[in-house]
Amino acid sequence: MPDTIELNSISHHFDTLSERIELFHGLSYTIRADETLAIIGPSGAGKSSLLSIAAGLEIPADGDVRFTIDGVAVDALTMRANSGFIFQQFHLMPELDAIGNLALPLRLKGNRHAFDIAATWLDKVGLKDRARHRPHQLSGGEQQRIAVARAFVTGPRFIFADEPTGNLDVHTSESVAALMFDCARETRCGLVIVTHSHAMAKRADTVLLLDSGQLKAAA
Amino acid sequence: MSRLQLMLENSWRDLRSGDGRISMATQTALLFFLLTLTLTGASIQRYLSDNLDQMLGSDLVVETHSPLTERDEATFRSIATGLSVTQLTDITLTHKDEWARVQLKLVDDAYPMQGDLQIGDTPVATQRAVGRGPKIGDIWIDSRLAIKLRTNVGDILTIGGADLRLGAILFHEPDRIMEGHSVAMRAMVHAESLAATSISSSKGRLRYLATADERQQQAIATWARQALPGASVIRKFGGQHPLASFWQRTENFLGLASVILFFMGAVALDMTNRRWLAKMRYRLAIYASFGTRSRTAMLMALGEWLAGFLLSIAFASALAILAYALIVAELQAYFPGLRAAWHVAPALKTIGLFFLLLLALQVPSFVQLSRASLLSLIRNPGEGRHVWQRLFWNIAAVTLLAAAYSDNWLLTGMTLTAIAAALALMAALTWAVIRLGDAWGRRRAGLLPFAFFMMRQRLFAKSAQVMGLGLCGLLLLFSLMLMRDLGTMMESHGRSHDGNLMIAEAQSDQIDAIRHWAAATGSSIRALRPFVSAQLVSVNGKALADMDKPSDTLATLKDPIRLSWTDAMPENNRLVGGTWWSAGTDKWRQISAEPEVMTDMGLAYGDTLSYQIGGARHDFMLVASHAYRPGAGSITFWFQVPLSARPQIDAPTRYMGSMELSEPAWKALAALWQQHPTLSLVPLQELTERFDRTLGIVTKVTAGYAAMVLLLALFVLAASVSGFSADDRQKNGLLMSMGLRERDCLRLNLCDWSVTALIAAVGAIAGTWSAGLLIYRDQFDLTYSPDMLWVATIILAMVGAVCFVGYLACRQNLKVSVRDLMAT
Ligand SMILES: Nc1ncnc2c1ncn2[C@@H]1O[C@H](COP(=O)(O)OP(=O)(O)O)[C@@H](O)[C@H]1O
Ligand SMILES: [Mg+2]
């Protein structure tokens with residue numbers, strides 16, 4: 001029985017001063033940790049919002065979200081402790097070097113071998129010789145590879161990625177995407193990617209299209 | 001373990017950043033100041049209480065300025081178990097051609113009631129304890145005096161015709177405490193040695209040292225209050241140290257100083273906090289993205305902050321201990337025997353209090369941190385508007401400090417009121433100027449309208465900056481102004497003198513001697529005014545002892561003052577208010593006082609002032625007020641009465657005046673003094689020296705304080721520039737990327753900074769003005785008359801400094817900003 005995130009007829013909207021922005025209505029879907037999932041859709045469709053709801057960061061306006069880990073229903077906080085994120089802006093700590101960034105999550109979990117594990121991962125993403133470099137000395141692609149490794153290094157059950165290659169060129173996107181999916185399959189971790197790149201989406205086991213408040217299996 | 005290590009690494013890294021350094025330095029400076037103050041204060045308190053226990057020389061002392069009547073003394077003896085009478089008087093002691101002003105103590109056989117005297121044979125000899133004072137015919141003098149007079153044990157000294165043998169060097173008297181912070185040179189003789197000589201002076205004091213148990217002490221105190229107006233009673237139990245009120249006034253001032261400094265520190269910390277908060281939010285959001293629970297993350301943030309605080313405790317303590325040792329060494333001249341000791345409890349209390357204060361400042365940040373969310377990494381959240389929340393916590397923190405440090409609520413209240421008024425004004429001005437400027441510039445082209453537009457977009461950040469700078473300016477200006485005015489006030493005390501020798505006090509028969517002596521030596525008497533020694537005992541029936549607002553005037557009035565008489569307004573006086581009496585009036589119960597005295601004592605025309613003069617009580621009605629006018633001699637009196645009052649008063653007439661001595665006359669002075677030891681003549685040079693010494697100490701204290709204030713002002717400026725540089729960098733980058741030339745960009749920033757600085761300056765001036773009006777008169781006996789040119793100069797300097805630093809920061813910004821923008 002894999003870990004799951006069940007979305008039960010969730011709806012979401014934002015109220016602004018003048019109007020209400022309806023994002024989606026009555027969506028249901030079950031995200032499984034043993035598959036990779038890509039969500040595509042036009043800008044402003046509510047993909048990021050959907051991702052936040054699935055990750056337990058936001059509470060939907062209507063409907064409910066159920067998290068199950070090891071067959072036990074858990075709350076959003078526990079879910080969050082078992083998930084990782086990859087961002088469009090990479091969000092590495094500017095004051096830490098590459099290996100320091102990688103070791104950070106492990107050290108926060110109290111792991112004594114944080115730097116050894118981080119070194120292996122650095123090797124895995126092919127940046128062994130950049131260990132002592134700080135983010136501003138790395139290219140976007142290199143930064144994102146470290147961000148990817150950082151998300152996986154603690155062995156989470158789910159990884160959420162919001163437009164992880166949105167800031168990268170096509171070629172670099174390819175290699176980062178490959179890295180992400182490889183890692184996910186290798187560590188048997190559920191991967192939820194929001195993207196507008198069809199090339200990337202094709203790598204996923206399942207591709208969903210969010211458009212005009214509807215969630216459909218993409219063609 | 002690795003989390004702890006991570007925490008330490010983080011705080012170490014933070015401390016190395018610009019903001020980290022500023023807030024660290026600010027914390028350290030503040031804590032240093034508070035700790036030094038606490039340690040010094042504790043030492044002095046300890047000294048005062050130890051002193052009262054060990055150095056009273058008896059259980060109770062009654063001090064009067066005229067001898068008790070035989071009946072009163074008999075009553076006293078009947079209440080107390082034992083009694084010793086000592087008499088103090090200022091005389092000039094001579095030996096060969098050397099002379100020195102000395103405080104002479106006449107003691108009886110019973111002296112001292114408790115404790116021992118320490119004496120020796122030479123100024124550097126080992127001391128020995130004796131239980132009795134000098135025997136008849138002997139004189140003991142203190143070591144400094146022995147050196148000054150170049151005299152040795154066995155020499156003969158002459159006082160008023162009596163020859164006295166120098167019997168010993170006096171090191172310590174058990175009733176030394178009564179001397180307070182006087183550093184006068186001392187001599188001691190047996191009262192009967194000088195029985196034949198008249199050595200009374202208006203400054204003479206008598207002390208009745210009594211042995212008495214607690215019940216007897218109470219009885220004596222009650223009796224003295226009734227029967228001996230003008231006498232002060234110092235008790236060992238439940239009594240007040242004679243220096244306590246002096247120290248209390250000092251502490252009041254220091255309390256205000258700490259509040260001001262802390263306020264400035266709070267401004268600097270608040271500004272760096274903005275950046276710290278942004279950084280921590282980012283850090284916490286990232287931590288959250290790899291599943292760190294927010295409680296853990298918050299604990300880490302708290303821990304990092306604590307680590308920085310601990311480090312600043314270490315620095316501040318080391319510095320404070322150093323400063324403490326230096327200050328105590330300096331203070332030993334005022335509090336003989338004061339020692340630097342470890343006052344762990346008060347120091348810990350101060351650190352604890354400071355911790356609470358910083359925590360209070362940090363609370364809004366932590367509250368916002370706890371709301372930091374991972375979502376902010378996916379979507380950029382708008383900047384929170386937390387100015388008011390911060391303001392509230394800052395004020396709460398400062399009030400806490402004020403409560404702990406100042407027992408002068410009025411003063412603290414006034415300071416806080418002035419600050420609050422200035423803050424309100426600045427907030428309103430920022431709002432108004434920026435909004436109006438924006439409205440005005442909406443349909444105009446050019447840099448200024450654009451600058452207003454940009455400022456309007458950042459109204460909240462801008463007003464925080466303005467208020468911070470303005471507050472800092474206000475405090476800086478106020479402290480500097482207060483110090484400057486205190487300095488000038490002290491200097492003006494050294495009034496212009498004519499003549500080179502002051503006749504500080506002479507008795508009627510001595511005046512004749514002086515006249516003869518002057519004629520013989522070719523010197524001239526320039527001015528001479530008569531007075532009687534009078535002690536103000538009550539105002540409108542309220543005893544002076546019951547007045548609680550401490551002031552220098554009140555302290556002086558607790559001793560007898562000089563009451564002069566005249567029908568015409570003296571040439572060096574002018575009428576300030578009320579009506580002066582007509583010449584030859586028979587309504588002799590009228591009096592005129594100096595305006596400063598009236599203000600300090602809260603006197604009004606029509607008040608009844610009661611004086612104890614020569615054993616009788618006289619009431620006068622306050623009808624006029626006179627002030628010193630330079631140009632016609634320096635001798636003036638606080639109080640003057642009509643000529644017709646003189647026959648009604650039974651007390652010896654004394655004189656005050658000035659003389660001009662020819663060069664050879666100086667050598668002949670010693671002879672005059674030998675015959676008239678109580679004759680108080682003070683060479684002007686000595687007077688100015690004595691004054692310069694006092695001024696020197698005041699200058700030292702104020703300079704130290706000014707340095708602290710300036711340092712903190714610097715921190716505020718640095719914090720304000722560095723705290724807002726991120727905003728500026730982004731703004732500049734955007735502008736440049738939109739094609740604005742670098743020069744225009746610079747000018748735009750300059751507009752921005754000068755508007756900020758100008759509003760802050762207006763706030764600072766307004767705040768200073770209201771603080772001056774409120775505080776000067778009431779607390780420091782000063783008239784508030786701001787020197788506009790001086791204020792304007794300071795303000796210009798401040799605005800200039802702010803713009804200059806802003807300009808430098810902006811130039812640096814412009815170099816990196818476009819590339820920066822590309823990087824993000
Ligand atoms: N805090 C918010 N307040 C108001 N509207 C918002 C907020 N966050 C997002 N939106 C709006 O919701 C819509 C969907 O946003 P988002 O989920 O980021 O879409 P996507 O990621 O698909 O581009 C957008 O139109 C956006 O403007
Ligand atoms: Mg999005």
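In the predicted model, a backbone N or O atom of A:Gly46 is placed 3.0 Å from an oxygen atom of ligand 1. Two further backbone approaches to the ligand involve A:Gly44 and A:Ala45. For A:Gly44, a backbone N or O atom lies 2.7 Å from an oxygen atom of ligand 1, and for A:Ala45, a polar backbone atom is 3.3 Å from an oxygen atom of the ligand. Of the 560 Å² of accessible area that ligand 1 has on its own, the protein covers 66%. Two elements of chain A, strand 2 (20-32) and helix 1 (47-54), give two or more residues to the shell around the ligand. Helix 1 of chain A provides the largest share, three residues.

The surroundings of ligand 1 include a run of chain A residues, namely A:Pro42, A:Ser43, A:Gly44, A:Ala45, A:Gly46, A:Lys47, A:Ser48 and A:Ser49. Also around the ligand are A:Phe14, A:Ile21 and A:Leu23, together with B:Arg379 from chain B. The site is therefore shared between chains, since residues from both A and B surround ligand 1. By residue class, the shell consists of five nonpolar, five polar and two charged residues.

Chain A, which contributes to this site, has 219 residues, of which 54% are buried. Its secondary structure comprises seven helices and 10 strands. Among the contacts in chain A with a separation of 6 or more, 70% are between residues 24 or more positions apart. The area exposed by the chain is about 9700 Å², and carbon and sulfur atoms account for 50% of it.

Two buried residues of chain B were examined through their contacts. B:Ile503 belongs to strand 12 (residues 501-507) of chain B. With a relative accessibility of 0%, B:Ile503 is classed as buried, because buried means under 20% relative accessible area. When neighbours within four places in sequence are set aside, B:Ile503 is in contact with B:Ile514, B:Leu528, B:Tyr655, B:Met656, B:Gly657, B:Ser658, B:Met659, B:Ser680 and B:Leu681. For one of these partners, B:Tyr655, the separation from B:Ile503 is 152 residues in sequence, while the C-alpha to C-alpha distance is 7.7 Å.

The other residue, B:Thr756, is part of helix 19 (residues 742-780) of chain B. Its relative accessible area is 1%, and B:Thr756 is buried. Apart from neighbours within four places in sequence, the contacts of B:Thr756 are with B:Lys462, B:Gln465, B:Val466 and B:Leu469.

Strand 4 of chain B pairs with two other strands of that chain. With strand 5 (residues 128-130) of chain B, the pairing is antiparallel and extends over three bridges. With strand 8 (residues 162-172) of chain B, strand 4 is likewise antiparallel and joined by three bridges. B:Gln118 has a bridge partner in each of these strands: B:Ala129 in strand 5 of chain B and B:His172 in strand 8 of chain B.

Several backbone features were also noted. Most residues other than glycine have a negative phi, and most peptide bonds are trans. The bond between B:Tyr111 and B:Pro112 is a cis peptide bond, with omega about -15°. B:Pro112 is situated in the loop that runs between strand 3 (98-107) and strand 4 (117-120) of chain B.

A positive phi occurs at A:Arg188, a residue other than glycine, where the value is near 50°. This residue occupies the loop between helix 6 (170-187) and strand 8 (190-194) of chain A. A:Arg188 has a relative accessibility of 73% and so counts as exposed. In chain B, phi of B:Asn540 is also positive and near 50°. The loop holding B:Asn540 lies between strand 13 (524-539) and strand 14 (542-543) of chain B. At a relative accessibility of 48%, B:Asn540 is partly exposed.

Notes
Residues numbered from 1 in each chain as written. Chains lettered and ligands numbered in written order. Predicted model: local features only at pLDDT ≥ 70, side-chain atom pairs only at ≥ 80, totals over all residues. Heavy atoms only, no water. Near = heavy atom within 4 Å. Polar contact = N/O pair within 3.5 Å; in protein donor to acceptor, adjacent residues only side chain to side chain. Areas by Shrake-Rupley, 256 points an atom, 1.4 Å probe, with all protein chains shown as cover. Helix = DSSP H or I, 4+ residues; strand = E, 2+ residues; numbered from the N terminus. Nonpolar A, V, L, I, M, F, W, Y, C, P; charged D, E, K, R; others polar. Buried < 20%, exposed > 50% of the residue type's maximum accessible area, 1.4 Å probe, protein only. Contact = heavy atoms within 4.5 Å. Pairing = 2+ DSSP bridges.
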